[in-house]
Amino acid sequence: MHTIELDPTLSQTLAAAREPGLTLIIGNKNYSSWSMRPWVAMTAFAIPFHEVRVLLDQPDTANNIARYSASGRVPVLLAGEITIWDSLAICEYLAEQFPDKHLWPQDVAARALARSVCAEMHAGFASLRTTMPMNVRAHLPGKGRTPDTQADIGRISEIWEECLSRFGHNGFLFGEFSIADAFFAPVVTRFHTYGVVLPPALSAYCERMRNHPAVARWIEEALAETEVAGKHEDETPGDETPGE
C-alpha cells in the first residue's frame, strides 16, 4: 500500500490517485471511524490499494475532499472511473470484485446476519458516536456515559454475543474475519479509549480485534500521527462522570 498526503503539489497528487487500481481516500487515522472500516477490510484481505489521507478540520479540507466526491465526506474509493463514497457501499463493491476472498461469511444465515449488524452499525448508535467520539490517542475511562450511550453499549454487546455464540468458532464475529468485524473495529477502539468494561468473552473479542494485523496497523499509525483536528478534540467529553 502506498500512502499519499495532499500537499501543495495537488495536481500531481490527484493524477496519482487516478492511476490504475484502487485508491482509498481517508481522514486522520486517529479520528476517522468511517475511514477505518474499508481500510481495515482492504488491508485484512490483502486487497492492494493506494491511500490518500486528507487531514480533517483544516481550512482546505472541504475543497480537498470535494475533488474526489461531492458528498464532502471520507472515505471515498476510486476504482478507475468509478467513485464510491460510502463505507458500506465500498465494502459491498469490494465483496463483489473479489468474491474469492470471501469478505462476507459464506454461510447464507451468517451472511444475512452479518449484513444486518453492519447496516445497524452504519445507521445507528448515534449517542455512542456523539458522546464517545473516536480518538485512538486519548485515554478517557468513564467519560461520555449517558443513559443513551449505555443503551448503545448494551445493544452492541448483544450483537457481539449473538454473533460469537452462533458463528464465532474462530474468535471473530462470524468465525473468520469479515466485513462485520471491520465495521465494529472503530467501536473496539472507542471501548479501549473510554475504558468500557465488558463481560470476559466480549473483552477477549476486543483483544483479538486489537491484535489483528490490520487493526493493529491502523492503531499503530493513528498513534504515530501528530496532527490535531480541533473540532474532533472539542467533541471529546469533559470530566463529567455518569450521574454527576
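**Exercise 1. Is Lys29 buried or exposed?**

Before we start: this is a predicted model, where local features need pLDDT of at least 70, side-chain atom pairs count only at pLDDT 80 or more, and totals for chains, interfaces and linings use all residues. Residues are numbered from 1 along each chain as its sequence is written, and side-chain values use heavy atoms, with hydrogens and water left out.

*Step 1.* Get the cut-offs straight: buried means under 20% relative accessible area, exposed means over 50%, and partly exposed is in between (1.4 Å probe, protein chains only).

*Step 2.* Lys29 has 3% relative accessibility, so it counts as buried.

*Step 3.* Now find Lys29 in the chain: look in the loop between β2 (22–26) and α2. Helices (H or I, at least four residues) and strands (E, at least two) are DSSP runs, numbered from the N terminus.

*Step 4.* Check the neighbours, where contact means heavy atoms within 4.5 Å. Leaving out residues up to four places away in sequence, Lys29 touches Trp39, Glu51, Met134, Val136, Trp218, Glu221, Ala222 and Glu225.

**Exercise 2. Work out how β2 sits among its neighbours.**

*Step 1.* Five of the five residues of β2 are buried, so the rest of the structure largely encloses this strand.

*Step 2.* Sort the side chains. In a regular strand they alternate between the two faces of the sheet. Here Leu22, Leu24 and Ile26 point one way, while Thr23 and Ile25 point the other way.

*Step 3.* Look for partners: two strands pair if DSSP finds at least two bridges between them. β2 and β4 pair in the antiparallel sense over four bridges, with Val76 in β4 as the bridge partner of Ile25.

*Step 4.* β2 and β3 run parallel and are joined by four bridges; Thr23 stands opposite His50 in β3. To get from β2 to β3 the chain passes through α2, and this β-α-β crossover is right-handed (with the strands pointing away from the viewer, the path from the first strand over the helix to the second runs clockwise).

**Exercise 3. Track down the unusual backbone spots.**

*Step 1.* Know the usual pattern: most residues other than glycine have a negative phi, and most peptide bonds are trans.

*Step 2.* Ala46 has a positive phi of about 55° although it is not a glycine. You'll find Ala46 in the loop between α2 (33–44) and β3 (50–53), and its 55% relative accessibility makes it exposed.

*Step 3.* Phe125 also has a positive phi, near 60°. Phe125 lies in the loop between α5 (108–123) and α6 (126–131), and with a relative accessible area of 6% it is buried.

*Step 4.* For the peptide bond, go to Val74 and Pro75: a cis bond joins them, with omega about 10°. Pro75 is in the loop between α3 (61–66) and β4 (76–79).

**Exercise 4. Describe how α9 packs against α10 and α7.**

*Step 1.* Axes are lines fitted to C-alpha atoms, for helices over the stretch in contact, and angles run from 0 to 180 degrees between N-to-C directions. Under 35 degrees counts as roughly parallel, over 145 as roughly antiparallel, 65 to 115 as roughly perpendicular and the rest as oblique.

*Step 2.* α9 (residues 200–211) and α10 (residues 213–224) pack at about 75°, with axes 5 Å apart, so they are roughly perpendicular. Met209, Arg210 and Asn211 of α9 meet Pro213, Val215, Ala216 and Ile219 of α10.

*Step 3.* The axes of α7 (residues 147–167) and α9 come within 10 Å and cross at roughly 85°, so this pair is roughly perpendicular.
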